[in-house]
Amino acid sequence: MDLGSRALAVQQQEMEISGQNVSNVSNTSYAEEQLNIQESTPLETPIGEEGTGVQATSITEVRDALLDNQIQAEGSVTSSLTAQQTNLQNAEAYLDEQISSTSSSTTPDSANGLAADLSNLFGSFESLSTDPSDLSLRQTAVQSAQEIATQFNQVSSQLSGVRNDINTSIQNDVTGANQDLATIASLNQQIVAAQASGGTANSLVDQREATLEDLAGKVNISTSAQSNGAVDVSIGGVTMISGITNSDSLKTYDAGNGQLLIQAQNAGTPLSLSGGSIEGEITARDGALASLQSGVNTLATQLITNVNSIYFTGYDLNGNTGQDLFTGTGASDIGVNSAVVSDPTQFQASGTAGAAGDNTTVLALAQLANQNISGLNNQTFSENYAQTVSDLGNSISTVNDQLNSSHAVSQMLTSQRASESGVSIDTEMTNLIQYQKAYEAAAELITTLNQMMQTVVTMKSS
Amino acid sequence: MNVTTTSFSTNFLANISQLEARQSTLQNEATTGLKVQEPEDDPAVMNQVLNLQTEASADTQYQSNITQLTDSATTASDALNSLQTIVEDASEIATEAGGVDSSTQLSTYATQVGQLIQEAVQLGNTKDANGNYIFGGTNTGNPPFTAATDASGNVTSVTYNGNTSVAKSEIAPGLTVSAQSVGENNTGAGASGVFADSRTGADIFNDLISLQQNLTSGNTSAISTTNTPALSKDEDNVVTQISANGVLQSTLEAAGTTTTQQTTALDTQMSNDTNADLAQTLTLLDQTQTAYQATLQSGVMVASLSLLDFLQ
């Protein structure tokens, strides 16, 4: 009887585990659970050992720690690259240098960005050089100068906006990472407690793995599993979780000019990260975005100084000289001299006082377009800007390629884990049938024994 | 490899999203006809296209400069031809006057020459379509010539108010020409003067005034000895100017043709760099769509099947 009831209990437990597995079939952080069973202790009889049936020993989950670690590591790489891609693509959009085909012709055209503004500026100088006293041409030249100044201001403030957004993301990610660390420490505590009392804590382990992967997405971590079930976590060489203690956390600090970097809150050491969205954000900000910002700014500075140094010596229609065309010193504050904006006769196009038809100054300005500027690596303004744009393109394209391969690796690892730890409904169903039949058989055993007992009892009373 | 329900769905979704991404890229290429749109698509091509666009836009500007200069050159050419006629007429009068004794006839000639002087002053103050004086050098805002007259309305002297420099404009990278002309240049250097130039000895106004005075005073010998040879120098100078103007116009025309050809070449180059090969794109799109369909169909077939369907 006892043997039969133990068999019933074990089969029921098996079915419950199958039920648990099937219920979690779509839970990606779930690992398939197994009931480990063995023969119960046999009875020694004079004629030999007699089996006493089956007993359940433990419930374990199918988890490969190595695979989990690899998934965490690759998750850091993917998040880092995704963060770079997103932020750099924002910057790319703000540059507004897309090629689009107009309906009228098949010729590609990009008419919105600084490239077009540069062409327009020098074009308007060329136009004015053919008729330096013409007021409408003067007006056009001043307008082109205003347009490029405004465009510089806009691009500059938009790129600063991208930089600020990145800093906000870093702050948010640090907050999120610290929450994850606290969660992991508390899960560690529960797991250790459960295992100390001889139990298993599979669902807590699943939760902890999901949290570890979330954390790895923000910052690259290294973990080491302890024998008591806890997982130690360190970031950039600094221990963050040791056993059940959340010993340290992340903190941002300003390395100067709003350059937010990460340090350990308690240890105080700056952390050099190698993956995760925080690292991706820092890399994008201090790498491609910073060189884009400085490229645009240098272009503006060189435009201001080179144009002004020629323009300064020119004469306006009233014979006056010695004014600047551009004000400001860089992309963020470049502007056009307000006097010439309100009165285009003050545009200093002539090289000689009193000669309205003289175009020496404006011709020299127009010819700046084809001149190699020493402050721009001996490139022309347009060449230098094209280089800046394609440098950004290169950075994004590299990130895109890396992200593609990182996605492929992640995909491969995830599918490997799914194959190992995932639940197969078909397998569970087959098992269920097996358990059901075993349960029926065990029940049948008890019924038979019961009938035998009945027979014996009836025999005695009759 | 053990295929679990989760691994089936993760792989299936990954395949679908990959195919969707590829499909969307190809679809975008097919609709825009461009294989490069953002700098990240092909940084090298983007760099090249930006430089080509700068060149193309400069070419458009050169083309417009050429049109503008051609207009001015045509105005100058008309004025120079009229001036040639004036000088020829004056020469003819000078030649004819040599054989005339009648003072009435001479005074008629003098009146005619007076008119020619007025016309010449008017020509000297010709403006182009933009209202700029074309014979004042770079001093284009003021009339280059002012005439002083005596009591009877005869021009006694003509003063040049312009200067001796001309403004040059670019018609190709580094190639500058000018459509402005200098009215008088007696400095012996720089652009040659149309009405007077110390290097060729031309001095149209003074020669005409002297002719008129000699006609009025009946000094026919001075006319043939002084005025006729002087006018011939004036005529030579004008002819030189006309041919220089012709050279300018043909230079402009040649530059215009070159620029147009270059613009076409640049357009072709940009198109080659950025345009998608539609045949190839559409073929790839077709293939991707087939693969997408196959994935969906097989996925649905496999996913809808399970052991559960066969359990009673």
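**Close-ups of a predicted two-chain model**

**View 1. A hairpin in chain B.** In this predicted model, β3(B) and β4(B) make a hairpin with two residues between them. One to look for in the turn is G174(B), with a positive phi of about 80 degrees. The pairing of β3(B) with β4(B) (residues 175-177) is antiparallel and runs over three bridges. If you want a residue pair to click on, try E170(B), whose bridge partner in β4(B) is T176(B).

**View 2. Where chain B meets chain A.** Here 57 residues of chain B are in contact with 59 residues of chain A. On the chain B side, the elements giving two or more residues are α1 (5-32), α2 (43-97), β3 (169-172) and α5 (220-274). So β3 of the hairpin in View 1 turns up here too. Which element gives the most? That's α2(B), with 16 residues. As for chemistry, this side of chain B splits into 33 polar, 19 nonpolar and five charged residues.

**View 3. An open sheet in chain A.** Four strands line up in the order β7-β8-β9-β10, with antiparallel pairing. The edges belong to β7 (222-225) and β10 (245-246) of chain A; each has a single partner strand, so one side of each has no neighbour in the sheet.

**View 4. One end of that sheet, and the helix on it.** β9(A) (residues 238-242) and β10(A) pair in the antiparallel sense over two bridges, and I241(A) sits opposite N246(A) in β10(A). Packed on the sheet is helix α4(A) (residues 135-196), which touches β8 (231-235), β9 and β10 of chain A. The direction of α4(A) makes about 45 degrees with that of β9(A).

How values were computed:
Residues numbered from 1 in each chain as written. Chains lettered and ligands numbered in written order. Predicted model: local features only at pLDDT ≥ 70, side-chain atom pairs only at ≥ 80, totals over all residues. Contact = placed C-beta atoms within 7 Å. Nonpolar A, V, L, I, M, F, W, Y, C, P; charged D, E, K, R; others polar. Pairing = 2+ DSSP bridges. Axes fitted to C-alpha atoms, helices over the stretch in contact; angles between N-to-C directions.
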